[in-house]
Amino acid sequence: MRFSAQVESKLERLLASCPPGRKRAALVPMLLFIQDEVGAVTPEVVEEVSRRLEVTPAEIEEVASYYSMLRRRPAGRYHIQICTNISCLLMGGAELFEHACRKLGIGNHGVSEDGLFSLEEVECIGACCWAPALQVNYDFHHAVTPEAFDRLIEQLRQSSAAERRE
Amino acid sequence: MLHPEPHPLEVAVLTRRFRLPNSASIQTYLAHDGYQAFRKALEMSPDGIIEEVKKSNLRGRGGAGFPTGLKWSFVPRQSPKPKYIVANADEGEPGTCKDRLLMQYDPHALIEGMLIAARAVGARAGYIYVRGEYRYLIEILDGAIEQARERGFLGRNILGSGMDFDLYTHSGAGSYECGEESALLESLEGKRGVPRLRPPFPATAGAFGCPTVLNNVETFCAVPPIVLRGGAAFAALGTPRNGGTRLFAISGHVRRPGVYELPMGFNLLRMINEVAGGVREGRKLKAVIPGGSSCPVLRAEECDLAMDFDSVARAGSMLGSGGVIVMDQTTCMVRVAARILRFYAQESCGFCVPCREGTAWLAKILARFHGGEGRAEDIGLIADIAHNILGRTFCPLGDAAAMPAAAFVEKFREEFEAHLGGKACPFEEVAAHV
């Protein structure tokens, strides 16, 4: 299994950062960087990482199941992660999450039928002073009202449609 | 994320470059004292550097408040093994969002702080362990590391001194527990974030079993000003045994939430009323969590308090990570307690029984309570479970869950009682009418 030149160069740098004889140290970021491109930690990914790091597939499964950002099935094109932890809760994060479920017609961990959106209720993302907050993939959005959420979804739909036309 | 101007009561030491144009670039950093402290450290003896950090009364900004100079002094002078410097950038304590700003606006300060630590203990490599969600910060840090390497501040024979030091970012992938130092080291080695039995502490057996200095991002960022202007000057900014300033993240029901740099020992009520603009329109202060979600809640009348590690501990809570969460009169404390415990149950690594079972039971009972199905005996049960977790877990996550749980029922018992007998949450009503 080969990945894009960009991911391969990231993996190369990552391996270079491990002390001699300690390439297993690359495992957690490696799974995440590959997932960014492949969409999930698939059985093929497990096998490939096992080969590259000389770690058994069972050990990789053990690690992959621990970290909340590592997925076994692909998320939507835009993975929307809404924080409902304390500071966001105080500022309407739980209501925002419920609004998002209704707007997208999916529940927690759901993927929309067109594969464009997925939704996840997440723990604190470090945006407590700019609550309620969410992330679309890795991008932060702060002080999100239900109206701002609807506008964001519309923008994402449009940019996806524009990309398809190109 | 920054307010256009700092608040007049702020004391800008760590944040003083935040509002400069291109503050994250090495050019800006070099034009404003950048790497001067490291140059000075190269002229100092390793013990001299550690002495200066001890004199500063700098205490760990991640939450535990352990004296930084003392921690560094535990690293063995002579070691057949390599030594490492690790920055904990796994910012995840609910209510805390300060390290994000340090890395975004002043990444070179973190690099310089780690370089000085490397010089003090004789380390040749370091890692910045950044939570996976902070991908854009990893990109900023990678860029800053590259700039520092080009200018000869990282790599072989740094500035002709004979010192070698390489620095790398390392991404997490979603785990609160990895903010605990030994779990972080496990994750850095490519494993599940399950904590290690201590002793040995990381100073003697840390990353890859080697002597390691492991500090929070803000702690490292405080080191360059300490070395440059002297430990005594930094200590003088704070209170006895609590040196310097601190980045307080004030969130929740205030008019001007934000991250503010204030002297250690700054009064909590003034922080809320003057710096953060007071509780939002027409409402009264009800409660404050002073240092992130694991710190016991304070009632409004307990908030006339100096915010340093020792004063907050005397008030029965903790300064923790400096995440000040402000709640007004419309807040349902049962709901807040239920949400906080759901978090700890979710994030428990599951390795030790009191934490795995205890947090799950607490979360379940509190959710039931808020849903109107609480029983009178549950109030005592919550306190009982909390006290059976306290001090009986492998790592501090158990205590981090048990302490707030016990405090919520102890301090707001009347609100728990108001939820009894199948009644709807009384606060939904209040919120609708204010």
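Which residues are exposed on the other side of helix 15 of chain B? They are B:Ala376, B:Glu377, B:Gly380 and B:Asp384, and View 1 sets them against the buried residues of this helix.

All views show a predicted model, in which local features need pLDDT of at least 70, side-chain atom pairs count only at pLDDT 80 or more, and totals for chains, interfaces and linings use all residues. Residues are numbered from 1 along each chain as its sequence is written, while chains are lettered from A and ligands numbered from 1 in the order in which they are written. The model scores ipTM 0.98 and pTM 0.97. Chain B has a mean pLDDT (the predictor's confidence in each residue, from 0 to 100) of 96, with 99% of its residues at 70 or more.

**View 1. Helix 15 of chain B, residues 376-389.** Helices (H or I, at least four residues) and strands (E, at least two) are DSSP runs, numbered from the N terminus. The buried residues of the helix are B:Asp378, B:Ile382, B:Ile385, B:Ala386 and B:Ile389. They lie on the same side of helix 15 of chain B because they cover an arc of only 100° around the axis, the arc being that of the directions from the helix axis to the C-beta atoms. A residue is buried if 20 or more other C-beta atoms lie within 10 Å of its own, exposed if 12 or fewer, and partly exposed in between, with C-beta atoms placed from the backbone. The buried residues pack against helix 14 (353-373) and helix 16 (397-411) of chain B. After helix 15 of chain B comes B:Gly391, with a positive phi near 75°.

**View 2. The side of chain B that touches chain A.** Here 48 residues of chain B are in contact (C-beta atoms, placed from the backbone, within 7 Å) with 34 residues of chain A. Elements of chain B that each supply at least two residues include helix 7 (135-150), strand 3 (166-171) and helix 13 (333-347). Helix 13 of chain B gives the largest share, six residues. By class, this side of chain B has 19 nonpolar residues (Ala, Val, Leu, Ile, Met, Phe, Trp, Tyr, Cys and Pro), nine charged (Asp, Glu, Lys and Arg) and 20 polar (the others, Gly among them).

**View 3. Domains of chain B.** Domain bounds, from an automatic or database domain assignment, give domain 1 (26-236), domain 2 (245-328) and domain 3 (334-433). The C-alpha centres of domain 1 and domain 3 of chain B lie 36 Å apart. Each of these two domains puts eight residues into their contact.
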